[in-house]
Amino acid sequence: MLFHFSIRVRLTLWYGSALLLILIAVALALYTVLARDLRSQVDQSLEEAAVAAVRAVEQQGAGPFISFEALAVEFPELAVLDKFFQIFSPAGKITIQSPHLKQHDIPLSPTALEAALLGRSTFESAKFRGEPPLRLLSVPIRRGALLVNVVQVGTSLHPVEHTLHRLLGVFLIATPVALLVALAGGWFLAGRALKPVEAITLAAQRIAAGDLTQRLTAPPSSDEIGRLAATFNTMIARLDASFRQVHRFTGDASHELRTPLTVMKGETELALRRPRPAEDYKSVLESNLEEIERMSRIVDELLFLARTDLGEVRMESKPVRLDALVQDIQRQAAVLGQDQQVQVVSGTSEPVTVQGDELRLRELILNLVDNAIKYSHRGGTVSLALTRGRDAARLSIADSGIGIPPEDQARIFDRFYRTDAARAHDKKGTGLGLSICKWIAEAHQGRIEVQSTIGQGSQFTVVLPLAPSR
Ligand SMILES: Nc1ncnc2c1ncn2[C@@H]1O[C@H](COP(=O)(O)OP(=O)(O)OP(=O)(O)O)[C@@H](O)[C@H]1O
Ligand SMILES: [Mg+2]
């Protein structure tokens, strides 16, 4: 039921109930302690008075003939007005009574008489109609084993009752007032504390409506709300970034596929415009085939990347001799480089074993070597070097080619990203190779580092963890 209310109402109600409980508990405790203390004070003063009275009676040699006045002359403390005295005969008959009690007698209760016969004092509370309750102390006076008199000291409990009533009255008024004040305060505080939440909700609604550029403006505090807002903002920023990336990616992919399609369409239309010798058709078909190959390569790479995104690409995990693999690739690349008059040489090569998928690692290294050749000038050199560190293998592929501007170095691993110099140098690239390389390296718990000086060359270093030695 309570869950249908707003947090503000719930907080206030919880707060109020807790406070009410505390107030009641404190009032109860205070009342009980005070009542007990006041009553024991009364009992104590009765005891003191009884001691005086007993002493007086004993000294006067009580009997039916002495009077209260005679006693009071000797013992002025007996005439204190807030207490009264009665002296009973062993039969329970009143023999002496303080004057201000003359209005009515208070009989000695059977219990008190019984106890007196046994030599014990008795405390009693008594209540007469229309009067405040009384507290009585009956003390026996004995001679030997014989009961001579019973001295009774009494006092009204009116002051005690009055004080306790007053206290109760204060509680009855103060508790609701305190509760109301606390509820109002709680309501106000809860409202204040929840205000940023309201602001966040509104902002989140605007963002949910589609505006991912919106950010929450929360106070830059490190409290719960501040952290919530910060977390929220980070999340939106990431969403924003990934939406943008998806958009750019789709745009880039369509663009990359449209270019070869446009070329093919243009060439085919031109060829069909009038009859031509078979040679011409052949050359158009050859050119189309080239474009088709390019497109199917893009589609393959895109499919691969899409599958990596979905976590669907399976990787083998076997020991791979990286040095042998690098040598093999170097031989293969040396042939590729001949076309461009680029030499591919291999420098240091230490025996290194890594754990992973040989085919994917080959693809990774080939892609990097292919780039190094592609972005070299004629007569350039590409050199491979493999070293074994303490816990990682480092394979570097260095070229003396066009280089990469510093501001582009972080972005070349993005899908479809190509530097302007690269576009001018080689028209055929798609910009997907390095994204694939990066994914393969990371799938092997490794990474790729780039160092490059524009116009002087680049060095890509693949760092791969060593295979666990058995
Ligand atoms: N060795 C290099 N020297 C200079 N620039 C490089 C080098 N390697 C990569 N680049 C830059 O990084 C970009 C991305 O490289 P990537 O391999 O992903 O794409 P690509 O080589 O252009 O196309 P492809 O998908 O055919 O490999 C290149 O376009 C180029 O700008
Ligand atoms: Mg490439």
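Which residue with a positive phi follows helix 6?

**View 1. Helix 6 and the residue after it in the predicted model.** Helix 6 is followed by Gly311, whose phi is positive, near 70°. The helix itself covers residues 278-309, 32 in number. From its first C-alpha to its last, helix 6 reaches 46 Å, close to the 46 Å expected at 1.5 Å a residue.

**View 2. The shell around ligand 1.** There are 20 residues around ligand 1, of which Arg418, Ala422, Gly429, Gly433 and Leu434 come nearest. By class, this shell comprises 9 nonpolar, 9 polar and 2 charged residues. At least two residues of the shell are supplied by helix 8 (358-374), and at least two by helix 10 (433-443).

**View 3. The open sheet of 5 strands.** Its strands follow the order 7-9-10-12-11, and the pairing is mixed. Strand 7 (343-349) and strand 11 (447-453) stand at the edges with a single partner strand each, so one side of either strand has no neighbour in the sheet. On average, neighbouring strands of this sheet are turned by 15° against each other, direction ignored.

**View 4. The pairing of strand 11 with strand 12.** Strand 12 spans residues 457-465 and pairs with strand 11 in the antiparallel sense over 7 bridges. Ser452 stands opposite Ser458 in strand 12.

**View 5. Helices 8 and 10 against the strands.** Helix 8 lies across strand 7, strand 9 (381-388), strand 10 (392-399) and strand 12, and runs at about 25° to strand 10. Helix 10 lies across strand 11 and strand 12, at about 135° to strand 11.

Definitions and conventions
Residues are numbered from 1 along each chain as its sequence is written. Chains are lettered from A and ligands numbered from 1 in the order in which they are written. This is a predicted model: local features need pLDDT of at least 70, side-chain atom pairs count only at pLDDT 80 or more; totals for chains, interfaces and linings use all residues. Helices (H or I, at least four residues) and strands (E, at least two) are DSSP runs, numbered from the N terminus. The expected span of a helix is 1.5 Å times one less than its number of residues. A residue is near a molecule or strand if its C-beta atom, placed from the backbone, lies within 6 Å of it. Ala, Val, Leu, Ile, Met, Phe, Trp, Tyr, Cys and Pro count as nonpolar, Asp, Glu, Lys and Arg as charged, and the others, Gly among them, as polar. Two strands pair if DSSP finds at least two bridges between them. Axes are lines fitted to C-alpha atoms, for helices over the stretch in contact, and angles run from 0 to 180 degrees between N-to-C directions. Two residues are in contact if their C-beta atoms, placed from the backbone, lie within 7 Å.
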